[in-house]
Each structure stands twice: as C-alpha cells, then as structure tokens.
Amino acid sequence: MSPAGKLPSEAERTLVRKSVAWSNPSYGSHPENRPILEYIEKGVVNIDKPKGPTSHEVAAWVKAILGVSTAGHAGSLDPKVTGLLPTLLGKATKAVPALRLSGKEYVCLLKLHKEMPQKLVRKVCEEFTGPIYQMPPIKSAVKRVVRVRTIYYLEVLEIEGSFVLFRVGCEAGTYIRKLCHDIGLALGCGGHMQELRRTKAGPFTEETLVTLQDLKDAYVLWKEDGDESEIRRVIMPMETAVSHLPKIILRDSAVDAVCSGAALAVPGITSLDANLKKGELTALFTLKGELIALAKAEMSTEELLKASAGLAATSVRVMMEAGTYPKGWDKKEHGVKS
C-alpha cells in the first residue's frame with residue numbers, strides 16, 4: 001500500500017554504485033541539450049485536456065501542431081473528463097506502454113442520489129482502498145470480465161448535501177465511474193460520477209501542464225522568431241516519461257551493444273536502483289542521462305552487486321539508435337568487454 005496521498009511512482013528512488021566510470025563528451029548528449037528537431041522527436045508534452053474532444057483527437061492535434069510523424073497519449077480520458085494527458089512525440093512513442101501502466105490520480109465529484117450522513121459517507125469511502133473488484137462498463141475497450149484493481153488512497157475533500165468531492169490514487173485501468181457507482185451501492189442510496197479531472201499520471205503532475213494553445217504559441221515563436229526557449233519549456237525530454245521506473249546506468253562501452261539488440265551484461269553497469277527486483281521493468285540510461293532502452297531485470301540489486309558476469313537485463317524496447325556511442329562489445333560474448 002502506498003503512503004497516504006502518494007502513488008507508487010512517487011516513491012523515492014536511490015542509486016547504488018557498482019563501478020566507477022566516466023562518459024566521453026564526444027558521444028551522445030544530455031537530453032536537454034539535444035538539437036531542437038531531435039529534442040521534439042524525443043519529447044513528451046503534458047497536455048491539459050479540455051472537456052469535449054477525445055484523447056485521440058487531442059493527440060492528433062498535438063501531432064499536427066508540431067509536425068511530428070507520430071504522437072501517442074498515456075491513457076485515454078473520456079470526452080467529458082479533463083486534466084493530464086501526457087503525449088509522447090515521434091520516437092518517444094515507444095515508451096507509451098510503460099507510462100500507460102503507471103498509477104493515476106483523479107479529483108472526482110460524486111453525486112449521491114440521496115443525502116447521507118457525512119460520517120457514514122467518509123467511513124464507506126475509506127473501505128474502498130486496497131484491492132477492489134471491478135467489472136468494466138459496457139462501453140469499454142476491454143473484455144468485460146471481473147478484474148482486480150488497487151486503490152492506493154481515497155481522500156474525501158468535501159461533502160456538501162448529496163455531493164462528495166474526493167481525490168483518488170489508483171492503478172492504471174481503474175474505472176472511476178464504476179467506483180462512484182459502487183460507493184453509491186455500498187451507501188444504499190445510489191450515486192454517479194458528476195465530474196472528473198486527472199491530476200497525476202505516473203511521474204506527471206499539474207505543475208507541468210500546458211494547453212494546446214501554449215504548445216501552438218511556443219511552436220510559432222520558434223518557427224517565426226527562432227526562439228527555442230518556450231518550445232523547450234513546454235516539451236520535456238522523453239526521459240521524464242520513464243522517471244518513475246527503476247534505473248540501471250551503463251558505461252559508454254555497453255551502450256551500443258544494447259542499441260544493437262544485445263542483452264545487458266553485468267560488466268556494463270556502473271550504478272543501479274537500490275531496490276531493483278528480478279523481472280521488473282526497468283529503464284537503461286547512459287551516464288549523460290539518456291534513455292537507451294526499456295528492459296526486464298534478470299537479477300535483483302543484491303544479485304547484481306555480487307555478480308561479476310552474466311545477463312543483467314533483457315531489452316523490451318530499444319529507444320536509442322545504434323551508432324550513437326562507439327562499439328565496445330563483442331558479439332560472441334553477447335555483452336560488453338570488461
């Protein structure tokens with residue numbers, strides 16, 4: 001269970017060093033220093049979705065505004081729902097699945113069908129934390145089977161008459177409309193979702209929200225005046241979208257091997273997340289902070305710190321182009337030179 005008011009993505013992560021290494025400045029670059037076209041193609045924008053359009057339409061508008069080849073959002077919002085819609089651009093769209101699976105937070109206005117004692121309402125809402133059973137609604141994109149979803153926290157903010165305002169942190173794929181319906185049933189009076197706004201999605205919060213107009217203005221400023229400052233402010237490096245995942249930092253000599261499809265060998269690691277678990281989705285980074293790939297950990301932190309050889313992680317999605325860093329590996333060893 002997460003601490004009150006926090007999603008799993010907000011857990012503090014620390015790195016432990018396995019070996020000392022330095023990065024050659026001749027190769028790669030810090031994400032924020034990428035040339036502007038590459039910066040956009042490997043970027044993410046935290047759009048404040050307005051009420052009315054679908055999430056797909058908003059992503060299509062972002063794509064049209066920036067002139068990128070592709071744009072993918074991290075979790076659909078119904079047309080009437082507002083709030084965070086992190087949208088990954090161009091080559092960064094490969095990271096969409098990792099972000100879609102992250103926890104979400106919403107602020108919801110529940111309308112009860114009858115005014116109920118406030119003490120009872122708060123008590124019942126408290127019971128809807130932890131694992132809950134949900135049947136997806138009839139109008140949904142997934143198969144209608146009962147499934148378990150985790151509610152990390154549910155905080156009642158205000159009660160006025162038959163209206164209940166609450167904040168909820170939940171696992172991806174939780175239906176808040178169904179949650180409202182079930183709370184109404186538990187209270188014995190019925191209820192439905194009146195309004196909903198998403199306030200967190202994985203590592204993204206309302207602090208970095210930008211509107212479609214903000215994005216358009218920043219793009220025009222860059223195109224017409226050559227001023228990159230605003231476009232670099234409203235668009236963040238794709239690395240931001242996976243900052244909630246545990247990390248493994250690679251030495252330069254191991255980078256191209258992973259970019260070419262090889263599994264990461266233990267000698268290629270310079271530091272790693274202090275609490276990495278075997279089988280967990282992790283993000284592989286360069287010493288400059290560039291995202292190399294999403295990978296499945298083949299060992300835990302404890303095992304990796306003790307090991308001097310073997311496979312540390314297997315790539316799931318390679319994000320960096322081969323050739324960005326020089327070869328420092330041997331195909332026969334399927335790893336890096338020590």
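1. How many helices and strands does the secondary structure of the chain come to? In this predicted model, the count is nine helices and 19 strands, and the points below go from the whole chain to one annotated residue and a partner.

2. On overall dimensions, the C-alpha trace spans about 70 × 55 × 30 Å when laid along its principal axes. The radius of gyration is 22 Å, which agrees with the value near 20 Å that a compact globule of 338 residues would have.

3. On packing, 49% of the 338 residues count as buried. Among the contacts with a separation of 6 or more, 71% are between residues 24 or more positions apart, and a reader following the chain in the 3D view may wish to keep that share in mind.

4. On the surface and the charges, about 16,000 Å² of the chain is exposed, with 53% of that area supplied by carbon and sulfur atoms. The side chains include 46 positive and 39 negative ones, and the centres of these two sets are 7 Å apart.

5. On the annotated domain, UniProt, in an unreviewed entry, gives "domain: PUA" for residues 246-320. In the model this stretch is 41% strand and 19% helix, and the C-alpha atoms at its two ends lie 18 Å apart.

6. On the annotated site, the unreviewed UniProt entry lists Asp78 under "active site", an assignment that comes from the record and may be inferred rather than shown by experiment. Asp78 is placed in the loop that runs between β3 (71-73) and β4 (82-89). Its relative accessibility is 42%, and because this value falls between the 20% and 50% cut-offs, Asp78 counts as partly exposed. Once neighbours within four places in sequence are left aside, Asp78 is in contact with Lys49 and Arg177.

7. Is Lys49, one of those two partners, buried or exposed? Lys49 counts as buried, because its relative accessibility is 1%, whereas Asp78 is partly exposed. Lys49 belongs to strand β2, which covers residues 43-49.

8. On the surroundings of Lys49, its contacts outside the four neighbouring places in sequence include Thr54, Ser55 and Val58, and also Leu77, Asp78, Pro79 and Val81. Thr82, Gly83 and Leu85 are in contact with Lys49 as well, and these positions lie within the range given for β4 (82-89). As for Pro79, this residue is 30 residues from Lys49 in sequence, while the C-alpha to C-alpha distance between the two is 9.1 Å.

Notes. Residues numbered from 1 in each chain as written. Predicted model: local features only at pLDDT ≥ 70, side-chain atom pairs only at ≥ 80, totals over all residues. Heavy atoms only, no water. Helix = DSSP H or I, 4+ residues; strand = E, 2+ residues; numbered from the N terminus. Rg over C-alpha atoms; globule rule 2.2 N^0.38 Å. Buried < 20%, exposed > 50% of the residue type's maximum accessible area, 1.4 Å probe, protein only. Contact = heavy atoms within 4.5 Å. Areas by Shrake-Rupley, 256 points an atom, 1.4 Å probe, with all protein chains shown as cover. Lys, Arg positive; Asp, Glu negative; His and termini not counted. Charge placed at Lys NZ, Arg CZ, Asp CG, Glu CD.
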